[in-house]
Amino acid sequence: MIEKVLHALAEPRRRDILYLVRDGELTSSAIASHFEISAPAVSQHLKVLEQSGLVVVRRDGTKRYYGIRRDGFAELKQYIDRFWDDSLLRLKEAAEEEERKKNDTNKQ
Amino acid sequence: MTQTNSDTIVKEIFIEARPETLFSFFTDADKMVRWMGRQILLEPKIGGKYRIDVNGSDIAMGEYVEIVPYEKIVMSWGWEKSKIVPPGSSKVEFRLIPKENGTNLVLTHYDLPSSEIPSHQQGWSHYMPRIKDFAEGRDPGVDPWTELAMH
């Protein structure tokens, strides 16, 4: 999941799209009108953003509205949060083992 | 309207090891790899770079910003090939607080991206005066773009 988020954010136009839809939903054609790149290229960016979970699509008839998915950002934060939880537990184990080794050496 | 462009994570853990023992786990690649990542390259000095292969696909990168022996390490932090969290864009601080029988380790990860995305790209000057209006308490009116999208 995180690879998709990081990949999605790596492209400047995708960050611009996120910025555009931050305050409200927009159709893909409304989004495309702000770019000089082709509509299919914009669609491709929207697809990547949707797959990353940073953007959510709502269908209304034939129209597709794109909006920001704040949970996507929460997931990024959760990923980093879990990463530190796991790492710190491993650090605790490794450092305590090291400390015991040092103490054993001192006793001998 | 207040804008927050970043987020912070704080963690605290008690470790039964002296700060002197714990400290080397931040400056010695062979020790660091025991708790973080699969492969680590580092240059443990202020301004020195590090590269941590976290899981085979995510690569964390940054520099040592502050090193106070046995007390504190501050590293800039980010991911390779990521432009919103590029190497060095956020900051991780580790504080080692000596306690009886061990050390309290406090981790603070600053400047994480939130959904309040700052944009410095060209082409969005449209939003800048609007945001400024909001910030200064004026109503910028209906966004013509939003209206366009709704009909």
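Which residues of helix 4 of chain A are buried? In this predicted model, they turn out to be Val42(A), His45(A), Leu46(A), Leu49(A) and Ser52(A). These residues cover an arc of only 120° around the axis, so they sit on the same side of helix 4 of chain A. There's a general pattern to keep in mind here: an α-helix has 3.6 residues a turn, so residues three or four places apart point the same way.

Now for the helix itself. Helix 4 of chain A runs over residues 39–52. With its 14 residues, helix 4 of chain A reaches 20 Å from its first C-alpha to its last, close to the 20 Å expected at 1.5 Å a residue. Just after helix 4 of chain A comes Gly53(A), which takes a positive phi of about 85°.

What does helix 4 of chain A pack against? One partner is helix 2 of chain A, residues 12–21. The axes of these two helices are 10 Å apart, and the angle between them is about 75°, so the helices are roughly perpendicular to each other. On the helix 2 side, look for Arg13(A), Arg14(A), Ile17(A) and Leu18(A); they meet His45(A), Leu46(A), Val48(A) and Leu49(A) in helix 4 of chain A. Sorted by type, the residues of this contact come to 5 nonpolar, 1 polar and 2 charged. Notice that His45(A), Leu46(A) and Leu49(A) take part in this contact and are also among the buried residues of helix 4 of chain A.

Finally, hop over to helix 5 of chain A, residues 70–107, and find Ala94(A). Ala94(A) is buried, with 20 other C-beta atoms within 10 Å. Leaving aside its neighbours within four places in sequence, Ala94(A) is in contact with Phe25(B), Arg34(B) and Trp35(B).

Key. Residues numbered from 1 in each chain as written. Chains lettered and ligands numbered in written order. Predicted model: local features only at pLDDT ≥ 70, side-chain atom pairs only at ≥ 80, totals over all residues. Axes fitted to C-alpha atoms, helices over the stretch in contact; angles between N-to-C directions. Helix = DSSP H or I, 4+ residues; strand = E, 2+ residues; numbered from the N terminus. Parallel < 35°, antiparallel > 145°, perpendicular 65-115°, else oblique. Contact = placed C-beta atoms within 7 Å. Nonpolar A, V, L, I, M, F, W, Y, C, P; charged D, E, K, R; others polar. Expected span 1.5 Å × (residues − 1). Buried ≥ 20, exposed ≤ 12 C-beta atoms within 10 Å, placed from the backbone. Arc of directions from axis to C-beta.
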